[in-house]
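Here are a few exercises to work through with the structure open. Try each one yourself before reading the solution.

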Amino acid sequence: FVGGMSQGQFTRFDKNGVLVVEGKLKDGEKSGVWTTWYDEVQKQEERTYSNNQPDGKWTYWYIDGELKREEIYKLGKLIEEKNFN
């Protein structure tokens, strides 16, 4: 914490100690790339934030690692999306 605001690396583990979420906080808000995991090997989602708003590429995968969906955001607004089925 800096000035009462969360700063730096954020990680969350499930009850078995498996990494499920990681990202960075700046002034208490999501910033940069945030990743969620099916397990510590396979990514589920990767999202980019700026000032706690979606900003950049968001990517989603199926549990088998196959690409599921991509979205592009600019300052919180969805501007492009693509599904992979």
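**Exercise 1. Sort out the aromatic residues around Y49.**

Solution. This is a predicted model, and in it Y49, W58 and Y73 form one aromatic cluster. Start with the whole structure: a search turns up three aromatic pairs. Next, take F10 and W34, which pair up with 5.3 Å centre to centre and 35 degrees between the planes. Planes under 30 degrees apart would be stacked and those over 60 edge-to-face, so a pair in between counts as tilted. That is the label for F10 and W34. This pair links distant parts of the chain: F10 belongs to strand β1 (residues 8-13) and W34 to strand β3, 24 residues apart. Now go back to the cluster, where Y49 and W58 make a tilted pair too, with 5.3 Å centre to centre and 55 degrees between the planes.

**Exercise 2. Decide for F10, W34, Y49 and W58: buried or partly exposed?**

Solution. You need one cut-off here: buried means under 20% relative accessible area, and exposed means over 50%. F10 has 24% relative accessibility, so it counts as partly exposed. W34 comes out at 8%, so W34 is buried. Y49 and W58 are both buried as well.

**Exercise 3. Find what sits over the ring of W34.**

Solution. Look for a charged side chain. The charged end of K30 is the one to pick: it sits over the W34 ring, 5.1 Å from the ring centre.

**Exercise 4. Place E40 and list what it touches.**

Solution. First, the location: E40 is in the loop between β3 (29-37) and β4 (43-50). Second, the surface: its relative accessibility is 47%, so E40 counts as partly exposed. Third, the contacts: leaving aside residues up to four places away in sequence, E40 touches F13, G17, V18 and L19. Finally, try a distance check with Q9, which lies 31 residues from E40 along the chain: their C-alpha atoms are 17 Å apart.

**Exercise 5. Work out where D27 and N51 lie and what their phi values look like.**

Solution. Begin with D27, which is in the loop between β2 (19-26) and β3. Its phi is near 55 degrees, a positive value in a residue other than glycine. With a relative accessible area of 41%, D27 is partly exposed. Then move to N51, in the loop between β4 and β5 (53-54). Here phi is near 50 degrees, again positive in a residue other than glycine. The relative accessible area of N51 is 56%, so N51 counts as exposed.

Methods
Residues numbered from 1 in each chain as written. Predicted model: local features only at pLDDT ≥ 70, side-chain atom pairs only at ≥ 80, totals over all residues. Heavy atoms only, no water. Helix = DSSP H or I, 4+ residues; strand = E, 2+ residues; numbered from the N terminus. Buried < 20%, exposed > 50% of the residue type's maximum accessible area, 1.4 Å probe, protein only. Contact = heavy atoms within 4.5 Å. Phe/Tyr/Trp six-rings, centres within 6.5 Å; stacked < 30°, edge-to-face > 60°. Lys NZ or Arg CZ within 6 Å of the ring centre and 35° of its normal.
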